[in-house]
Amino acid sequence: MEQLMAFIRENIYVIMAAFGAISAVVIVVDNFKGAPYEKKQKSEIVIIGILSLLVCLFLANLANWFFFRDNMFAAGKNYSFVELFERAGFTFYAGLFVFCGALALLLKLRRYDVKKLFYYIVPAIPLFHGIARVGCAIDGCCYGIPINLQ
């Protein structure tokens with residue numbers, strides 16, 4: 001039991017983000033129940049969403065590495081690319097923009113009405129963000145950086 005609690009404490013942000021993602025998927029699926037699409041089209045839209053999410057995760061991590069790389073090299077250790085990628089974390093807003101852009105692009109390429117589909121998808125984004133930010137507050141990872149006002 002003690003090991004489980006230690007695991008939860010160390011990974012609370014990831015756990016909350018996963019819970020937020022699952023909650024967002026439930027909202028999207030519920031919104032899609034009344035959508036005027038055939039089953040095959042709905043499956044294709046879900047696959048496009050998953051691809052967009054994978055692109056989002058990769059580029060959000062890459063953006064965090066790019067913008068905050070000075071903090072990552074402060075210890076003076078030379079990390080491999082995989083270690084850098086693991087240490088970078090994610091930049092939420094970069095992920096949001098990349099996800100929406102990739103989703104819109106892929107939907108447009110498949111000739112779907114992007115505006116109509118975003119009507120079903122967008123309500124899930126603040127839900128995911130809010131739940132993930134609760135994880136941040138519990139974890140203490142997003143409190144900001146210390147400054148000296150003098």
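**Exercise 1. Find which backbone oxygen the side chain of S23 reaches, then place S23 in the model.**

Step 1. The side chain of S23 reaches the backbone oxygen of F19 at 2.8 Å. This is a predicted model: local features need pLDDT of at least 70, side-chain atom pairs count only at pLDDT 80 or more, and totals for chains, interfaces and linings use all residues. Residues are numbered from 1 along each chain as its sequence is written, and side-chain values use heavy atoms, with hydrogens and water left out.

Step 2. Locate S23. It lies in helix 2, residues 12-32. (Helices are DSSP runs of H or I, at least four residues, numbered from the N terminus.)

Step 3. Check its accessibility. S23 has a relative accessible area of 16%, so it is buried (under 20%; exposed is over 50%, partly exposed in between, with a 1.4 Å probe and protein chains only).

Step 4. Leave aside neighbours within four places in sequence. S23 is then in contact (heavy atoms within 4.5 Å) with L127 and I131.

**Exercise 2. Classify L51 as buried, partly exposed or exposed.**

Step 1. Find L51 in helix 3, residues 39-67.

Step 2. Read its relative accessibility: 43%. L51 therefore counts as partly exposed.

**Exercise 3. Describe R111: where does it lie, and what is its phi?**

Step 1. R111 lies in the loop between helix 6 (92-109) and helix 7 (114-121).

Step 2. Its phi is near 65°. That is a positive value in a residue other than glycine.

Step 3. R111 has a relative accessible area of 76%, so it is exposed.

Note on methods:
Helix = DSSP H or I, 4+ residues; strand = E, 2+ residues; numbered from the N terminus. Polar contact = N/O pair within 3.5 Å; in protein donor to acceptor, adjacent residues only side chain to side chain.
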